[in-house]
There are 2 protein chains.
Amino acid sequence: MDGTGLETYRYEALAAELEGMVERGILCPGMRAPSLRRAARGAGVSLSTALLAYRLLEDRGVLEARPKSGFYVTDRRDRTRPRPAPSRPPEEARTVTLDGGVADMLDLASNPAFAPLGCAIPDARLLAAGGLDRFLARAARVHGQGYNIYTERRGDAALRRELSRRALRHGHGLAPDDIVLTCGCTEALFLALKASTRPGDVVAIESPTYFGLLQILEGLSLRAYELPTHPERGIDPEALSRALVRGGIAACLLSSSFNNPLGCLTPDAIKREIAGILSHHGIPLIEDDIYGDIHFGMERPRPFAALAPGADILTCGSFSKTVAPGYRVGWLAAPGRIEAVLRAKFGVTLCGPALPQKACADFLSTGGYDNHLRRVRRVFAETVARMSQAIDRSFPEDTKVTDPKGGFVLWLELPRGLDSRVLYQAAIRERICFAPGPLFTATDRYRNCLRLSCGHTWDRGLERSVERLGELAREMME
Amino acid sequence: MDGTGLETYRYEALAAELEGMVERGILCPGMRAPSLRRAARGAGVSLSTALLAYRLLEDRGVLEARPKSGFYVTDRRDRTRPRPAPSRPPEEARTVTLDGGVADMLDLASNPAFAPLGCAIPDARLLAAGGLDRFLARAARVHGQGYNIYTERRGDAALRRELSRRALRHGHGLAPDDIVLTCGCTEALFLALKASTRPGDVVAIESPTYFGLLQILEGLSLRAYELPTHPERGIDPEALSRALVRGGIAACLLSSSFNNPLGCLTPDAIKREIAGILSHHGIPLIEDDIYGDIHFGMERPRPFAALAPGADILTCGSFSKTVAPGYRVGWLAAPGRIEAVLRAKFGVTLCGPALPQKACADFLSTGGYDNHLRRVRRVFAETVARMSQAIDRSFPEDTKVTDPKGGFVLWLELPRGLDSRVLYQAAIRERICFAPGPLFTATDRYRNCLRLSCGHTWDRGLERSVERLGELAREMME
């Protein structure tokens, strides 16, 4: 083979590799493709060879070039299927009172006899390989006695240092002493709200939003002001601005990225705008960054706090979606409000378990967390892509589905008139669990919506469950 | 040796053994001695031989017989030193607002450079021998993957079954499904209050009481009604009755046994009376049984719930004082209010860490928890006895000290005019930490009081610290 022949071979091989990644769902529709430089380095070819490969994929309709932004995976589905419309909740505060539906759903969702479409919990088999348990066993053997104490008030110092280092990577400057370790993201959100609101206050949130958040608000006697939310871009800054001008809102609580259940990703510029509006009104922002590490695009999206340094922002995170739901290790970064947070924590859980925190610290510093993240991101992205296809095949014609840029849930909008709670009853009889739409709001909405979890490796069983669910929905239309 | 000689030898040996236990603080003044039957069986002698030994000790003034009740260790200290007087807090509800004193004290209390008289935390070296860490290492190796999940809503079922079995031993009938596992006793108390009160409500409590409890009340916007409390018998049932008749009290929260800081033990008859008064008024009782397993007497005292079955009682417990402060495994038994508790928990911590719960379950079922308890009880009883003696030797003449029947704290009443917060500042300069009296109330009281922790094995270092503290108090009188 002469030089030219080798070159031909190389660019075709790179193109085939990239196309395979798209087919396997590793690169998803709408996702930014690796930069030319990165692709060239990864394949060991020159920049011009990589460009040849990208042009070839553009010709084939696999990638599309966007000016000044690079190459993106063509979203062919967009051309055939509409996305759910932006939400338009009533512009007023609502008292949060949830019925027992969540508890029932959770009980079924953790029952292994049911298809795992209900809870946004990743498959334990997928996560355990991360090796965290080995670190826990080691910590118990090595440190047991020294760690059988109440931790420092903020939690294990080594873990807080690791978290501070990682935050810095995506531009979030954060001192270890600004971090408090918590019992999962739930306690982080609870403490953040406790430290920035009083009973009866109104909190502006996304709509739809995670039902657990609604229960936290209810427990703290807080009222919810739901904001119009775009399924791809997040909340509408103008609507937020209107609400703040009208007054009466004490805090705003938003997903940093990949809102549960929409999976939306707010562009940096809009995040900055939102942070600016809140600062202008002197309103604290609580952000839930629990899904930030599960990005399908090349780069981890930045939390609000990284884009608006110095603003009054409390950032919540956790290992529950990426490594260890069973460890209950989360954190709250709250510069400027740390004493209020610690005081609240003392009156709720005192402190967290010492050895699991130590195991997480060791795992972050030496356990290949990044490798682990790459692996689970691929699995989630593939399940999201495959489940979307299965929904296309089996659900009623006019079903709309989100196109999440990260996380592992899909939000479906069924044709008007279909009631997801009726579908739920039918599905439960067939041992299929999912989360009906009305759980995700304090208003009376989303009856024809539902959330499916994509936290498990795609297999024939999951596929059959989704297809059967689609059939049940079709039958309800007859 | 003929039969008579052997008999002589045996009763003297048994008497010497019992006297040694009194001297070493294993049997403490005021404590009931083992029954004749038990002592006879333990020493392998006849009942009549055991009786001879007990009569001998009675002659020597070591034991005293009480009609229909058995033999008790003579409380010789009672004759030389008065106990603190029963408290008489104002008969009204108070808003709880604590200053930062607790946080400062906690930071110093966990600093190993300071003498550990501050926090009521047992010595890690004392507890780690229990072997719980080995169970955790094993659980992580064996169960890791299967346990990397959110637990059932109530927490690990095996641990709840073990707790139910143990409760039955001291007469507390309790279904595993009436138990919710929590992040230590703090979350148990928080959830119990959350499930039985609303913000602004008044809760009747002991006085003095654990400062952590006051912080929980503050966090829940609850007001405190402090009840007169006898340092040996607990709260005054008549005062409780008066307060309830006057109205406005929503719940009552009491120690089951060995109130922190007084160490008092309410007799069963009075416990029944208190439960009856509360039932009569339809007021729930939350009991904190965290110290129940650390009894210096032969029998574990029974919680209120065991004495008043069917009453509206929520019982809180934890392993933090006996095995593992670092594990943060506690529980709340709340028959009749379980759904309210679970709902509250979902909005605070979601669920607890799975592997530490599993390790506790294995430890209870196979790890010799009872042996472990016997050992730590002996250590705590000895430290309490030795520290009392050191206080007698070194503190100002009129210092009064409690005579706890369990737990591991002493409450001191210094001569009037001495301010424990001033003493605290002087002690901190010499690296001695303790808890000043005003931390234990929401009223403005107990300035001349303080609490010392006896959670460590008695040694020369502890002795010197107590003696030095006594000297500092004496110097303040000059």
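Let's start with one helix in this predicted model: helix H8 of chain B, residues 157–169, lies across strands E5 and E13 (330–333) of chain B. Its direction makes an angle of about 115° with E5(B).

What sheet does that helix lead us to? Both strands belong to an open sheet of 8 strands in chain B, and if you walk across it you meet them in the order E3-E7-E6-E10-E11-E12-E13-E5. The pairing is mixed. Two strands stand at the edges, E3 (93–95) and E5 (179–182) of chain B; each has a single partner strand, so one side of each is left without a neighbour in the sheet. From one strand to the next, the twist averages 25°. As a bit of background, strands of a sheet pair through backbone hydrogen bonds, either parallel or antiparallel. For a parallel example, look at strand E10 (residues 249–255) and strand E11 (residues 285–288) of chain B, which pair over 4 bridges. Within that pair, Ser255(B) sits opposite Asp288(B) in E11(B).

Now hop over to another sheet in chain B. This one is open too, with 4 strands in the order E14-E15-E18-E17 and antiparallel pairing. Here the edges are taken by E14 (400–401) and E17 (435–436) of chain B, and since each has a single partner strand, one side of each is left without a neighbour in the sheet. E14(B) is joined to strand E15 (residues 409–413) of chain B by 2 bridges, and Lys400(B) stands opposite Glu413(B) in E15(B). This sheet has a helix across it as well: helix H16 of chain B, residues 369–394, lies across E14, E15 and strand E18 (449–453) of chain B. H16(B) runs at about 20° to E15(B).

Next, the inside. In soluble globular proteins, nonpolar side chains tend to be buried together. In this model the largest nonpolar core holds 312 residues, and the ones touching the most other members are Ala192(A), Val203(A), Leu332(A), Ala192(B), Val203(B) and Leu332(B). Take Val203(B) and skip anything up to four places away in sequence: what does this residue touch? Its contacts include Leu193(B), Leu217(B), Tyr225(B), Ala250(B) and Cys252(B).

Time to bring in both chains. 53 residues of chain A are in contact with 53 residues of chain B. On chain A, the elements giving two or more residues to this side include helix H5 (101–109), helix H9 (184–194) and helix H15 (354–366). H7(A) gives the most, with 9 residues. Sorted by class, the side of chain A that touches chain B has 29 nonpolar, 15 polar and 9 charged residues.

How does one chain map onto the other? A turn of 180° with a shift of 0.0 Å along the axis lays chain A on chain B with an RMSD of 0.1 Å. That is the relation of a two-fold axis. Among the residues of chain A, Ala137(A) comes closest to the rotation axis, with its C-alpha at 1.9 Å. And 100% of the interface residues of chain A are also interface residues in chain B, so the copies meet through the same surface.

Finally, a few spots in the loops are worth a look. In chain A, the loop between strand E10 (249–255) and helix H12 (268–281) holds Pro261(A), and the peptide bond from Asn260(A) to Pro261(A) is cis, with omega near 20°. Phe258(A) is in the loop between E10 and H12 of chain A too. Its phi is near 60°, a positive value in a residue other than glycine. Is Phe258(A) buried or exposed? It counts as buried, because it has 29 C-beta neighbours inside 10 Å.

Chain B has a cis peptide bond of its own, joining Ser207(B) and Pro208(B), with omega about 0°. Pro208(B) lies in the loop between strand E6 (202–205) and helix H10 (211–219) of chain B. Tyr446(B), in the loop between E17 and E18 of chain B, also has a positive phi, near 60°. With 23 C-beta neighbours inside 10 Å, Tyr446(B) counts as buried.

Methods
Residues are numbered from 1 along each chain as its sequence is written. Chains are lettered from A and ligands numbered from 1 in the order in which they are written. This is a predicted model: local features need pLDDT of at least 70, side-chain atom pairs count only at pLDDT 80 or more; totals for chains, interfaces and linings use all residues. Two residues are in contact if their C-beta atoms, placed from the backbone, lie within 7 Å. Ala, Val, Leu, Ile, Met, Phe, Trp, Tyr, Cys and Pro count as nonpolar, Asp, Glu, Lys and Arg as charged, and the others, Gly among them, as polar. Copies are superposed by least squares on the C-alpha atoms of residues with pLDDT of at least 70 in both. A nonpolar core is a set of buried Ala, Val, Leu, Ile, Met, Phe, Trp, Tyr and Cys residues joined through C-beta atoms within 7 Å. A residue is buried if 20 or more other C-beta atoms lie within 10 Å of its own, exposed if 12 or fewer, and partly exposed in between; C-beta atoms are placed from the backbone. Two strands pair if DSSP finds at least two bridges between them. Axes are lines fitted to C-alpha atoms, for helices over the stretch in contact, and angles run from 0 to 180 degrees between N-to-C directions.
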